[in-house]
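I set out to look up a few helix contacts and aromatic rings, and to keep short notes on each.

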Amino acid sequence: MVFAHDTEAALLSAVELVNSAVEPDTLTEIAQLDEFFVRHDYTGAHRSDAAELSEVRALRGPLRRLLTSDRDTAVTLVNEILREHRAVPQLVRHGSVDYHVHAVPAEAALPVRIAVETAMAMIDVIRADDLSRLSICADDDCAGLVLDLSRNRSKRYCSTTCGNRNAVAAYRARQR
C-alpha cells in the first residue's frame, strides 16, 4: 500500500525520533531539535528551548510503544492520544505542500503536534492492516525501528550502518 505524503512524513519523523534514543543518543541538544524540526518540515510553534527538547525526548518511549504495538493496542493508544489533545482533523495547505491533514492548531506545542501527527498516521496504517511495515532492526545488536515503505517489503535494517555491518559479517562468514 502506498500511504499519503503526510502519513509517510509523520511515520518517518516518528521513527527517526524513536531511534534517536538508541545509543548513541542523537537528540541531546537544542540545535539537534532545530535540525529535526526543519528536516521534517514541521510548521507552527517551535520554542527551541531546553523545556521543549525535554518534552520531545519524553515522547520517544510512548511513540516506540505505539509503533511496535499489535493492532488492537495501537488503536487504544491512538484513541488516547487524539482524545488527550482534542484533535480535530482539518485539511490544510501551506508552502509547497498540497492539502493534507493537521489535527491540532499551528500554535500547539511541537511535542503535541508530533504525537498527534503520529497518531493520525497510525490511523492509516491500522485501517490498512499494514503494521508489518513497522518492525525492529534485524541487527541483533540494535533496537532501532524500521519503517519499510518499499514495494517488496524488503527493508530489514534501521540504518545503512546496521545493514553494512551485517553484510560485512555475512561476507566474512562465507569466506571462512
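The entries below follow the order in which I looked things up.

**Entry 1: the model.** I noted at the start that this is a predicted model.

**Entry 2: α3 and α6.** I looked up how helix α3, residues 50–58, packs on helix α6, residues 110–127. Their axes are 9 Å apart and the angle is about 20°. Angles under 35 degrees count as roughly parallel, so I entered α3 and α6 as roughly parallel to each other. The crossing of α3 past α6 is right-handed. I then listed the residues that meet: Glu-52, Glu-55 and Val-56 come from α3, and Leu-110, Pro-111 and Ile-114 come from α6. Sorted by class, this contact has 4 nonpolar and 2 charged residues, with no polar ones.

**Entry 3: α4 and α6.** Next I took helix α4, residues 60–67, against α6. The angle came out at about 0°, with the axes 11 Å apart. That makes α4 roughly parallel to α6 as well. On the α4 side I found Leu-63, Leu-66 and Leu-67, and on the α6 side Ile-114, Thr-118 and Met-122. The class count for α4 with α6 is 5 nonpolar, 1 polar and no charged residues. I marked Ile-114, since it is listed in the contact with α3 and in the contact with α4.

**Entry 4: aromatic rings.** How many aromatic pairs does a search of the whole structure find? I got 2. In one pair, the ring centres of Phe-37 and Tyr-42 are 6.1 Å apart and the planes stand at 25°, so I wrote this pair down as stacked. Ring pairs also bring in Phe-36, which forms a cluster with Phe-37 and Tyr-42.

I checked whether these two stacked residues are buried or exposed. Phe-37 has a relative accessible area of 12%, so Phe-37 is buried. Tyr-42 is buried too, at 9%.

**Entry 5: Gly-44.** Where does Gly-44 lie? I placed Gly-44 in the loop between α2, residues 30–39, and α3. Its relative accessible area is 40%, so Gly-44 is partly exposed. Leaving out residues up to four places away in sequence, Gly-44 touches Phe-37, Ala-106 and Arg-113. Phe-37 is thus a residue I had already entered, as part of the stacked pair. I also looked up Gly-44 with Ala-108: they are 64 residues apart along the chain, and their C-alpha atoms are separated by 7.3 Å.

Note on methods:
Residues numbered from 1 in each chain as written. Predicted model: local features only at pLDDT ≥ 70, side-chain atom pairs only at ≥ 80, totals over all residues. Heavy atoms only, no water. Axes fitted to C-alpha atoms, helices over the stretch in contact; angles between N-to-C directions. Helix = DSSP H or I, 4+ residues; strand = E, 2+ residues; numbered from the N terminus. Parallel < 35°, antiparallel > 145°, perpendicular 65-115°, else oblique. Left-handed = near helix turned anticlockwise from the far one by under 90°. Contact = heavy atoms within 4.5 Å. Nonpolar A, V, L, I, M, F, W, Y, C, P; charged D, E, K, R; others polar. Phe/Tyr/Trp six-rings, centres within 6.5 Å; stacked < 30°, edge-to-face > 60°. Buried < 20%, exposed > 50% of the residue type's maximum accessible area, 1.4 Å probe, protein only.
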